[in-house]
Amino acid sequence: MMNKIKLLLNDEGIGEVRAMNIAFSFRLPGEFRDQRWMNPELAGGGLLDTGIYNLHFAEAVLGKNPVALTGFATIDSDEYHIQVDEQASYIAKYDKGELVVMSSGVRTDMRDIAMIYGTQGYIEVPSFWKPTLIHVMKDGNITTYEEKAPQSVEGIHDDGFQYEIAHVNECLRGNLKESPIMTWEQSLSIMRQCDELRRQWGLKYPFED
């Protein structure tokens, strides 16, 4: 579906991308506060768990890094006083003026959906971090594309991680040092963006110098 989305980012599809809205956040119950999602000793919080999907999706669609990134996070705001980003919203600006508004978190339920707005239409991507379905709006018409992940074991729901596993195996068999579709530099770029947001939020994990 990601390949299909990229094929629609032209004049025959939705045109030039101008803006995006991306959200991926869920609400964990209080009994999870000692587990990694809510534990600062384990780099908990939304940004490094769900937020990286937002940042990577934006990079995958636009094919470049932002020129500016800023946002706000909610920390130590509920009855459990957890010292991680319970929820956060941030906005990235790109070199041609594109804007991407993102939200992530571990204490707030949100629809994990991405909206890609172009000059000639838009694309709605439910469950964008594992997309099997997209809706394309253009010229007043909605077209739906769907490609479900094959279910290899009866009775066990498969979210599609077999694609990642297969690609890693292809890279290993090809003696590649890095993936051609997810390079080291791309991974580092996402982590640098996470570090910049945490710097702005004053969010430092106990094990960091």
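Here are some questions and answers on helix H4, the salt bridges and the cysteines of this predicted model.

User: Before we start, what pLDDT do side-chain atom pairs need here?
Analyst: Residues are numbered from 1 along each chain as its sequence is written, and side-chain values use heavy atoms, with hydrogens and water left out. In this predicted model, totals for chains, interfaces and linings use all residues, local features need pLDDT of at least 70, and side-chain atom pairs count only at pLDDT 80 or more.

User: How far does helix H4 reach from its first C-alpha to its last?
Analyst: Helices are DSSP runs of H or I with at least four residues, strands are E runs of at least two, and both are numbered from the N terminus. H4 covers residues 184–201, which is 18 residues. The expected span is 1.5 Å times one less than the number of residues. For H4 that gives 26 Å, and the reach is close to it, at 26 Å.

User: Which elements do the buried residues of H4 pack against?
Analyst: Buried means under 20% relative accessible area, exposed over 50%, and partly exposed in between (1.4 Å probe, protein chains only). The buried residues of H4 include Ile190, Cys194, Leu197 and Trp201. Counting contact as heavy atoms within 4.5 Å, their packing partners are helix H2 (47–62), strand S2 (68–75) and S3.

User: Is Arg198 buried or exposed?
Analyst: Arg198 forms a salt bridge with Asp195 at 3.5 Å, N to O, where a salt bridge is a side-chain nitrogen of Lys or Arg within 4 Å of a carboxyl oxygen of Asp or Glu. The two are 3 residues apart in H4, so about one helical turn separates them. Asp195 is partly exposed at 41%. Arg198, with a relative accessible area of 8%, is buried.

User: Which residue pairs with Glu196 in a salt bridge?
Analyst: The partner also lies in H4, 3 residues away, about one turn of the helix. Glu196 is partly exposed at 27% relative accessibility, while its partner is exposed at 57%. The N to O distance is 2.7 Å, and the partner is Arg199.

User: How many residues apart in sequence are the parts that Lys64 and Asp95 tie together?
Analyst: Their closest N and O atoms are 2.4 Å apart. Lys64 is buried at 19%, whereas Asp95 is exposed at 53%. Lys64 sits in the loop between H2 and S2, and Asp95 in the loop between S3 and strand S4 (99–105), so the parts they tie together are 31 residues apart.

User: How many disulfides turn up?
Analyst: Cys171 is buried at 9%, and Cys194 is buried at 0%. A disulfide is a pair of cysteine sulfur atoms within 2.5 Å. Across the whole structure, the search finds 0.
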